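User: I would like a careful look at a single part of this structure, explained for someone in a first year of study.

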Amino acid sequence: MESSAKYKVTPSEVHKFVYCPRQYFFEHHLSRTMSLREQVRLFLGKLFHIIKSLTSKMRGYSVEEKVVAFVGNIKIVGRADALKLEGEAAEVIERKSGKAPRKGAWASDVLQAAIYALTLIRSGSVSKARIKIEYRNKAHSYVFNEDLAAMALRVIDDLILVKYHGLVPYPRRGPRRCTKCPFRSACEELDKSLEAPGEVLEPGSWLEGIGLIPPNSPEALGHSLPRQSSHEG
Ligand code: SF4
């Protein structure tokens with residue numbers, strides 16, 4: 001199967017793509033040196049993950065374990081922050097060092113974790129999964145259901161169009177997002193050279209308006225999946 005894989009996608013690419021498909025396009029196709037601020041943030045994020053992974057190990061989770069699966073000719077590969085398999089079910093934890101939004105979790109975080117769940121199910125390791133997004137101040141859990149699976153597959157399709165076929169994707173604009181974007185001027189220049197908005201369907205345009213994903217109800221989470229840890233928010 002591996003030799004026939006034409007494309008490769010990682011969950012962290014999916015995270016970047018959902019955050020802003022256009023920014024992912026620039027990061028993938030343009031080389032750039034990280035600013036000092038970004039390097040410091042990266043370092044602090046790694047430190048946060050190292051500290052948290054110790055707690056996960058004590059609670060019986062596998063940490064940074066490689067997961068691989070094939071969807072048609074696409075290879076999905078990544079390392080989940082924390083992972084627990086119990087019989088036919090899995091729990092995937094995705095950690096973010098920032099604070100949680102007011103309601104639910106960011107779509108980019110949920111879909112990144114959903115890709116791990118999809119990968120585990122496609123690889124035959126389990127038949128169902130729950131995902132948990134752990135922020136610095138609280139956590140939210142989700143059943144990996146048909147809706148999340150459909151969104152995850154759609155993101156993968158669009159990401160491949162951008163990564164391997166060079167299609168220019170949707171600019172997911174937002175005041176905070178664009179102000180701190182290192183590609184802002186390139187993005188504005190690119191817009192001027194493109195067709196009038198609406199004339200072409202840009203990959204990732206359906207993500208507009210999907211900022212936050214509310215967690216599942218406790219009832220939805222209750223069926224025969226690994227027990228949730230006691231500190232879950
Ligand atoms: S400027 Fe805004 S829309 Fe353009 S790439 Fe950056 S974040 Fe995306």
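Which residues are around the ligand?

Analyst: This is a predicted model, in which local features need pLDDT of at least 70 and side-chain atom pairs count only at pLDDT 80 or more, while totals for chains, interfaces and linings use all residues. Residues are numbered from 1 along each chain as its sequence is written.

The residues around the ligand, where a residue is near a molecule if its C-beta atom, placed from the backbone, lies within 6 Å of it, are Cys 20, Arg 22, Gln 23, Pro 171, Arg 172, Arg 173, Arg 177, Cys 178, Cys 181, Phe 183, Arg 184 and Cys 187. Sorted by kind, this shell holds 6 nonpolar, 1 polar and 5 charged residues, given that Ala, Val, Leu, Ile, Met, Phe, Trp, Tyr, Cys and Pro count as nonpolar, Asp, Glu, Lys and Arg as charged, and the others, Gly among them, as polar.

Helix 2, helix 6 (175-179) and helix 7 (184-193) each supply at least two residues of the shell; helices here are DSSP runs of H or I with at least four residues, strands are runs of E with at least two, and both are numbered from the N terminus.

Helix 2 (21-29) also takes part elsewhere, since what covers the buried residues of helix 5 includes helix 2, along with, for example, helix 1 (11-19) and strand 3 (74-86). Among the residues of helix 5 that are buried, meaning that 20 or more other C-beta atoms, placed from the backbone, lie within 10 Å of their own, are Leu 148, Val 155 and Leu 159. Just after helix 5, Gly 166 takes a positive phi of about 70°.

Methods. Buried ≥ 20, exposed ≤ 12 C-beta atoms within 10 Å, placed from the backbone. Contact = placed C-beta atoms within 7 Å.
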